[in-house]
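Please open the model in your viewer and keep the sequence beside it, since the tour below moves from one selection to the next.

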Amino acid sequence: MDAFQKEIDERTNLTSSNKFELLLFRLGADPHGVRSELFGINVFKIREIVPMQEITKAAGTRSPLLGMVNIRGQIISVIDLPAVVGCTPKTGLNILLVTEYARSTQAFAVESVDEIVRLEWSQVLSAESKAGGNFVTSIARLDDDLSSSRLAQVLDVEQILHEIMPSERDMEVTGMEHIKLKPGSVIIAADDSKVARSLVESGLKALGLPFLMHKTGKEAWEKIQEIHKETKAQGVPITDRIAMVLTDLEMPEMDGFTLTRNIKRDDGMKIIPVVIHSSLSGSANEDHVKNIGADGYVAKFVIEDLTTAISKALGR
C-alpha cells in the first residue's frame with residue numbers, strides 16, 4: 001500500500017517539474033496501410049482502461065460514434081478513434097479508454113495500449129497536423145536523444161469532441177456584458193488546442209477584452225518577459241500592459257503550471273493575475289493550481305464560468 005501511495009504522489013507531483021505521463025496506444029495502419037501509428041493522451045485524462053464492452057447502437061448513430069456502453073451504471077458514448085484519424089485497426093477495436101474531459105465522460109475505442117511513459121513538456125513540440133490530420137495537437141519525442149525517431153502523436157481531444165459532439169451551449173457567447181481593462185493593457189492567453197483557442201477568442205471578444213493568443217506556454221512566457229523588460233525600462237508596473245494571463249495546463253514545451261510558477265516567482269511579475277482554464281478537472285489539479293499561486297481555476301468551456309473567473313481575478 002505504501003508503494004502504491006508513493007506512485008500516486010509521484011504522479012501527482014509531476015506538475016511541479018514541467019513533466020507529465022503519456023499513455024501510448026495504437027489505432028492500426030495509417031491511411032496508406034504502411035505502418036501502425038503510435039498515439040498518446042495525457043494520463044490525467046484517463047479515468048480507466050477497460051476491455052471492449054457490449055455496445056448498444058441507437059437508431060441514427062453514425063460513424064465515428066459507435067453507440068453507448070454501460071460501465072458500472074453510467075451510460076457513456078463510445079467513439080471509434082481509428083475512424084476519427086483515418087486509421088484501420090488490424091485486430092479490431094479491443095480496448096476502451098474512458099476519459100473525463102471538459103465536464104464530460106466518454107470512451108474512445110482503440111486497437112491496443114502500449115505503455116505509459118514519463119516525459120518533460122520540453123519533449124513535446126507543437127504540431128497542427130500529421131497522420132491524425134486536424135486532430136493532432138503536438139508530437140512527443142519519446143527519448144531524450146534529439147535524433148531519435150521514436151515519436152508519438154498527441155491527439156487534440158477537444159477538437160475531436162467539438163466536431164463529433166458539439167455543445168451548442170458552450171458556443172453561446174453573444175450578449176455578454178463587456179469587462180473594462182486599463183487602457184493599453186491586454187490579456188495574455190495560451191492554449192495548444194485549435195478549437196480551444198477559437199472558443200477562448202470568441203469568449204474574450206464577446207466580453208470586449210483585448211488579448212494576445214499563444215499556442216504554447218513557452219510562447220506566452222517569452223511574450224510576458226518581453227513586455228516586462230519594456231515596462232521596467234519605462235518605469236511602469238507590468239499591469240499597465242498585461243491585465244492578466246489566461247492559460248491552459250497541457251501545452252507543448254512549457255505547461256501552464258510552469259508558466260504560472262514562473263510568473264509568480266518573479267517580483268516584478270507576480271502582481272499579474274493568472275487564471276487557469278483547463279479541461280483537466282478534479283480536486284488534485286485545483287490543489288496544484290492553488291499551490292503555485294494562480295488566482296483562479298475554471299474548467300472548459302462555459303463562457304459564464306470563464307467570465308466569473310476573469311472578473312474575480314481582475315477584482316471586479
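What percentage of the 316 residues in the chain is buried? In this predicted model, buried residues make up 51% of the chain. With the whole chain selected and drawn as a cartoon, you should find 9 helices and 16 strands. If you switch to a surface, the exposed area comes to about 14800 Å², of which carbon and sulfur atoms supply 49%. Among contacts between residues at least 6 apart in sequence, 63% join residues at least 24 apart.

Next, go to the largest nonpolar core, which has 26 residues, and select Phe 25, Leu 81 and Leu 155, the members that touch the most others. The elements that each supply at least two residues of this core are β1, β2 (36–42), α2 (81–85), β6 (95–101), β7 (104–110), β10 and α3, and the largest share, 4 residues, comes from α3. In soluble globular proteins, nonpolar side chains tend to be buried together.

Now centre the view on Leu 81 and show what surrounds this residue. Leaving aside residues up to four places away in sequence, Leu 81 touches Phe 25, Leu 27, Phe 108, Ala 109, Val 110, Leu 155 and Ile 160. Apart from the core that you have been viewing lies another one, of 23 residues, and to find this second core you can select Val 245, Leu 259, Val 274 and Tyr 297, which are among its members.

Return then to α3 and colour its residues by burial. Why is α3 described as largely enclosed by the rest of the structure? The reason is that 6 of its 8 residues are buried, namely Val 157, Glu 158, Gln 159, Ile 160, Leu 161 and Ile 164.

The last stop is the enclosed space inside the model. The count comes to 4 cavities of 30 Å³ or more, and the largest cavity holds about 130 Å³ of space. To find this cavity, select Lys 45, Tyr 101, Thr 137, Asp 192 and Glu 250, which, of the 18 residues in its lining, lie nearest its centre. Two or more lining residues come from each of β1 (19–29), β10 (136–141), β11 (151–155) and α3 (157–164). If you colour the lining by residue class, you should see 7 nonpolar, 4 polar and 7 charged residues. With both regions displayed, note that β1, β10 and α3 are among the elements that supply the largest nonpolar core and also among those that line the largest cavity.

Methods
Residues are numbered from 1 along each chain as its sequence is written. This is a predicted model: local features need pLDDT of at least 70, side-chain atom pairs count only at pLDDT 80 or more; totals for chains, interfaces and linings use all residues. Side-chain values use heavy atoms; hydrogens and water are left out. On a 1 Å grid over the protein atoms alone, a cavity is a set of points where a 1.4 Å probe fits but cannot get out, and a pocket is an open set with protein on both sides within 12 Å along at least five of seven lines; lining residues have an atom within 4 Å of a point. Grid points are joined across faces, edges and corners, and a volume is the space filled by probe spheres set on the points. Ala, Val, Leu, Ile, Met, Phe, Trp, Tyr, Cys and Pro count as nonpolar, Asp, Glu, Lys and Arg as charged, and the others, Gly among them, as polar. Buried means under 20% relative accessible area, exposed over 50%, partly exposed in between (1.4 Å probe, protein chains only). Contact means heavy atoms within 4.5 Å. Accessible areas come from the Shrake-Rupley method with a 1.4 Å probe; for residues, only the protein chains shown count as cover. A nonpolar core is a set of buried Ala, Val, Leu, Ile, Met, Phe, Trp, Tyr and Cys residues joined through side-chain atoms within 4.5 Å.
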